[in-house]
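Dear colleague,

Please find below the sequence and structure that I am handing over to you. I would be grateful if you could read the notes beneath with the structure open.

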Amino acid sequence: MNQPQQDSSAISLRDLSFTWPGQPHPALALDELRVAPREHVFVSGPSGSGKSTLLAAIGGIVAPQSGSVEVLGQALQDLPAARRDRFRVDHIGFIFQQFNLLPYLSITDNVLLPCQFSALRRERALQQGGSLQQAAQSLLAALDLAPSLWTRPVTQLSIGQQQRVAAARALIGRPEIIVADEPTSALDSNRQQAFLDLLQRECDHGGAALVFVSHDLRLAERFHRRIALEQINRAAVPEESA
Ligand SMILES: Nc1ncnc2c1ncn2[C@@H]1O[C@H](COP(=O)(O)OP(=O)(O)OP(=O)(O)O)[C@@H](O)[C@H]1O
């Protein structure tokens, strides 16, 4: 936390360059990108423009070869890998495109997974709900998942229901940042809008910044700001000419 250039952004990337192992060219080359606390940012860009790589850098899942990634004032490159993983689960809720729910766990236990790995999120969830079960269930209810579903195996849920379980898992314990990678692509337009209503409301409720990646520009107007990644990522090469 003692970075000389530390700022009050939720996320601050500077002079970033990242090349995937074995690749000849960088996937990301960014001068600067900041996201303010509680800001909702829509990230768009054609396939291959580096959207998922950007989210991986924000989460400290990949370590850029140069430049800095600061999350809540903490420079991720200064943390050893294990502490970076802890920091991620403490402060960032991820919603993946395929949701990554665990089929052998109940819906409630899927939602509570981050609390297994983060004492901070467990503590905050307990403050929210009185018990972990209650915290998970009040989030599931807020996300329009009826109590009759809570004991079902996740494999019996529709795509839209799985998506909302994945959102509840990202939101549990109020991480300061929610990162979502194309979580609506499998849904029709009305359902996408309905999902975003719930997700944005819960982010606001928990005071989280939201970084939301999607191809669907119709969703962009609902956000405070849109970032067209192909315009700021100097490494982006359109797929057709790659
Ligand atoms: N695990 C990986 N190993 C090697 N190269 C990768 C890996 N993941 C992505 N890349 C490469 O990095 C570049 C950016 O990919 P990325 O997945 O970040 O783009 P994207 O904008 O998320 O694309 P899409 O919209 O298709 O998901 C591409 O050239 C891709 O081939």
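The notes that follow describe the sheets, the helices, the core, the ligand surroundings and a few individual residues.

Please bear in mind that this is a predicted model.

**The antiparallel sheet**

One open sheet consists of four strands in the order β2-β1-β4-β5, and its pairing is antiparallel. The edges are held by β2 (28–35) and β5 (74–75); each has a single partner strand, so one side of each is left without a neighbour in the sheet. Helix α1 (residues 51–58) packs on this sheet and touches β1, β2 and β4. The direction of α1 makes about 120° with that of β1.

Within the sheet, five bridges connect strand β1 (residues 11–18) with strand β4 (residues 66–71) in the antiparallel sense. In this pairing, Ser12 stands opposite Glu70 in β4. β4 also pairs with β5, again in the antiparallel sense, over two bridges. Here Glu70 stands opposite Ala75 in β5. β4 and β5 form a hairpin with two residues between them, and Leu72 in the turn has a positive phi of about 55°.

**The parallel sheet**

A further open sheet has five strands, ordered β6-β7-β8-β3-β9, with parallel pairing. Its edge strands are β6 (92–95) and β9 (225–228); since each has a single partner strand, one side of each is left without a neighbour in the sheet. From one strand to the next, the twist averages 15°.

β6 and strand β7 (residues 177–181) run parallel and are joined by four bridges. Gly93 stands opposite Ile178 in β7. Helix α6 packs on the sheet, where α6 touches β6 and β7, and the direction of α6 makes about 170° with that of β6.

How are the two faces of β6 arranged? Both are covered: Ile92 and Phe94 lie on one side, Gly93 and Ile95 on the other, and all are buried. As a general point, the side chains of a regular strand alternate between the two faces of the sheet.

**Helix α3 and the nonpolar core**

Helix α3 (residues 107–117) has as its buried residues Ile107, Asn110, Val111, Leu112, Pro114 and Cys115. What covers these buried residues includes α2 (81–91), α4 (119–129), α5 (132–142) and α6 (159–171).

The largest nonpolar core has 66 residues, of which Ala168, Ile172, Ile177 and Val211 touch the most other members. The largest share of this core, six residues, comes from α6. Leaving out residues up to four places away in sequence, Ala168 touches Val111, Ala136, Leu139, Leu140 and Leu143. In soluble globular proteins generally, nonpolar side chains tend to be buried together.

**The ligand**

Which residues surround the ligand? They are Trp20, Gln23, Ala27, Gly45, Ser47, Gly48, Ser49, Gly50, Lys51, Ser52 and Thr53. Sorted by class, this shell has two nonpolar, eight polar and one charged residues.

**Individual residues**

Gln192 lies in helix α7 (residues 189–206). Is Gln192 buried or exposed? Gln192 counts as buried because there are 20 C-beta neighbours inside 10 Å, and 20 or more is the cut-off for that class. Apart from neighbours within four places in sequence, Gln192 is in contact with Thr184, Leu187, Asp216 and Leu219. Gln192 and His40 are 152 residues apart in sequence, and the distance between them in space is 16 Å, C-alpha to C-alpha.

Two further residues are listed for their backbone angles. Asp15, in strand β1, has a positive phi of about 45° although it is not a glycine. Asp15 counts as exposed, because it has 12 C-beta neighbours inside 10 Å. Arg38 likewise is not a glycine, yet has a positive phi of about 70°. Arg38 lies in the loop between β2 and β3 (40–44). With 15 other C-beta atoms within 10 Å, Arg38 is partly exposed.

With kind regards

Methods. Residues numbered from 1 in each chain as written. Predicted model: local features only at pLDDT ≥ 70, side-chain atom pairs only at ≥ 80, totals over all residues. Contact = placed C-beta atoms within 7 Å. Near = placed C-beta within 6 Å. Nonpolar A, V, L, I, M, F, W, Y, C, P; charged D, E, K, R; others polar. Core = buried A, V, L, I, M, F, W, Y, C linked by C-beta atoms within 7 Å. Pairing = 2+ DSSP bridges. Axes fitted to C-alpha atoms, helices over the stretch in contact; angles between N-to-C directions.
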